[in-house]
Amino acid sequence: SRLISRILEGMAELAVVEGMPARAAVLRGAAAALRDAIGLPVPPCDRDDFDRAVAALREALGEAAFAAEWERGRGLSTAQAIECALLPN
């Protein structure tokens, strides 16, 4: 599950590069939910990058849209999150 959360975060970064911030927020939310479920916080050495990435998504989408997409991601099962990460939009 730790590896899956890291992969989801990596796919979120790719979504940003591809100009899909909403998809990135969904994937980040899914990764956050998975981390919460297994009791694995963002490592301190990654915290600044994580915070910058989330702030950039909030800015790109606006707070309401970001929150909606983040929560949509948090509601996905692990299998659904993987499917979301792998299937093109």
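**Salt bridges between helices**

Okay, let's start with one pair: glutamate 13 and arginine 28 form a salt bridge, with their closest N and O atoms 3.6 Å apart. This one links distant parts of the chain, since glutamate 13 sits in helix H1 and arginine 28 in helix H2, which covers residues 21–38, and the two are 15 residues apart. Keep in mind that we're looking at a predicted model.

So are these two partners buried or exposed? Arginine 28 is buried, at a relative accessible area of 6%, because anything under 20% gets that label. Glutamate 13 has 47% relative accessibility and counts as partly exposed.

Now, how many salt bridges are there by this rule? The count comes to eight, and I'll show you two others.

Take aspartate 46 and arginine 6. Their side chains meet in a salt bridge, 2.8 Å from N to O. Again the pair joins distant parts of the chain: aspartate 46 belongs to helix H3, residues 44–61, while arginine 6 is in helix H1, residues 2–17, and they are 40 residues apart. Aspartate 46 is partly exposed at 21%, and arginine 6 is partly exposed too, at 40%.

Then there's arginine 74 with aspartate 36, a salt bridge with an N to O distance of 2.9 Å. Here helix H4, residues 63–74, supplies arginine 74, and helix H2 supplies aspartate 36, with their positions 38 residues apart. Arginine 74 is partly exposed, with a relative accessible area of 29%. Aspartate 36, at 53%, is exposed, because the cut-off for that is over 50%.

And the general idea behind it: side chains of opposite charge can pair when their charged atoms come close.

Key
Residues are numbered from 1 along each chain as its sequence is written. This is a predicted model: local features need pLDDT of at least 70, side-chain atom pairs count only at pLDDT 80 or more; totals for chains, interfaces and linings use all residues. Side-chain values use heavy atoms; hydrogens and water are left out. A salt bridge is a side-chain nitrogen of Lys or Arg within 4 Å of a carboxyl oxygen of Asp or Glu. Helices (H or I, at least four residues) and strands (E, at least two) are DSSP runs, numbered from the N terminus. Buried means under 20% relative accessible area, exposed over 50%, partly exposed in between (1.4 Å probe, protein chains only).
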